[in-house]
Amino acid sequence: MGYTDQRFDVNLSILFTELPLLERPAAAAAAGFTAVELWWPWIETPTPAQEELDALKKALEDAGTQLVGLNFYAGRLPGPDRGAVSVPGEESDRFNANINVAADFAASVGCKALNALYGNRVEGVDPAVQDELALKNLVTAARAADRVGAILLIETLNKPESPLYPLVSAPAGIEVVDKVNEATGLGNAKFLLDLYHLAMNDEDLSEVIEKYAAKTGHVQIADKPGRGAPGTGELPLEDLLDQLKKAGYQGFVGLEYKAADAAASFDWLPAEARAAK
């Protein structure tokens, strides 16, 4: 058990960011990883030119890396935004313009998980109006994901770092997952269980795993405090991942932590355990 029997992937939107996007898959491969994930890479546009999509597909394939998770358009991330699905007006329109672009790209590279960040509360807008819009957009996204054989992920963030984001507890995220599945009847909406965000919210991580492992479609980790690599903080990440596995979780564990030197930050994980089985 422990780290050596997990299926890890590297988040190329937070690690190897000193390199241009198209060089990051090869850097992850050079460090021994075969699976990667990405936030929506084109922050400025939900609908990049086909040549840009093709170039990213080629970079992933040339490196021998499998994309296992992709965010839908989420605004300026990293930055002030936390998604677009519940944000009325232009951001919601951009999310909708992105849905099929992201789903089709995921299909083209065999990616089976699409993450839709909920979006911040907007001053002067009734939260109920935002939630109604979010559900409508998430239903559309879930259907698009289903069309390409993928799941739709709903992620909770943490209140200290994302004070305007309404989903800052596991139960809040699960409630949205359940509502989307109820509305579509597809059952492909799943919880993105991020141990760092949940720890920052002071949630009981073992209890969350026990309650929600069956509804979890993807896991992400970073240590707390500092959002660094495992072993840089206080979280018993190895034990928690063991618990997830025992609870039946068989999916990927995304490395979504900060490191000044990504390649040097993987010492906690034996080289032979980095390629996803």
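Here are some short exercises on the predicted model above, each with a worked solution.

Because this is a prediction, local features need pLDDT of at least 70 and side-chain atom pairs count only at pLDDT 80 or more, while totals for chains, interfaces and linings use all residues. Residues are numbered from 1 along each chain as its sequence is written, and side-chain values use heavy atoms, with hydrogens and water left out.

**Exercise 1. Find how the strands are arranged, and what pairs with E3 and E4.**

Step 1. Strands (E, at least two residues) and helices (H or I, at least four) are DSSP runs, numbered from the N terminus. Eight strands form a closed barrel in the order E1-E2-E3-E4-E5-E6-E7-E8, with parallel pairing. Neighbouring strands of this sheet are turned by 30 degrees against each other on average, direction ignored.

Step 2. Two strands pair if DSSP finds at least two bridges between them. Strand E2 (residues 35–38) runs parallel to E3 over four bridges, and Ala-35 has Gln-66 in E3 as its bridge partner.

Step 3. E4 and strand E5 (residues 151–155) are parallel too, joined by three bridges. Here Ala-113 faces Ile-151 in E5.

**Exercise 2. Describe helix H3 from its start to the residue that follows it.**

Step 1. H3 covers residues 90–109, which is 20 residues. From first C-alpha to last it reaches 29 Å, close to the 28 Å expected at 1.5 Å a residue; the expected span is 1.5 Å times one less than the number of residues.

Step 2. Look for a bend, the angle between axes fitted to the seven residues ending at a position and the seven starting there. H3 has a kink of about 35 degrees, centred on Asn-98.

Step 3. Now look for buried residues (under 20% relative accessible area; over 50% is exposed, in between is partly exposed; 1.4 Å probe, protein chains only). Among them in H3 are Phe-95, Asn-98, Ile-99, Ala-102 and Phe-105. An α-helix has 3.6 residues a turn, so residues three or four places apart point the same way.

Step 4. The cover over the buried residues of H3 includes helix H2 (50–63), strand E3 (66–71), strand E4 (113–115) and helix H4 (127–147). After H3 comes Gly-110, with a positive phi near 75 degrees.

**Exercise 3. Is Asn-115 buried or exposed, and what does its side chain meet?**

Step 1. Asn-115 lies in strand E4. Its relative accessibility is 3%, so Asn-115 counts as buried.

Step 2. Contact means heavy atoms within 4.5 Å. Leaving aside neighbours within four places in sequence, the contacts of Asn-115 include Leu-70, Phe-72, Leu-153 and Leu-192.

Step 3. A polar contact is a pair of N or O atoms within 3.5 Å; within protein, one must be able to donate a hydrogen and the other to accept it, and residues adjacent in sequence count only if both atoms are side-chain atoms. The side chains of Asn-115 and Glu-155 make such a contact, at 3.0 Å.

**Exercise 4. Where does Asp-194 sit, and which residues does it touch?**

Step 1. Asp-194 belongs to strand E6. It counts as buried because its relative accessibility is 1%.

Step 2. Leaving aside neighbours within four places in sequence, Asp-194 is in contact with Glu-155, Gln-220 and Glu-256.

Step 3. A polar atom of the Asp-194 side chain lies 3.0 Å from the backbone nitrogen of His-197.

Step 4. Asp-194 and Leu-157 are 37 residues apart in sequence, and their C-alpha atoms are 7.8 Å apart in space.

Note on methods. Axes fitted to C-alpha atoms, helices over the stretch in contact; angles between N-to-C directions.
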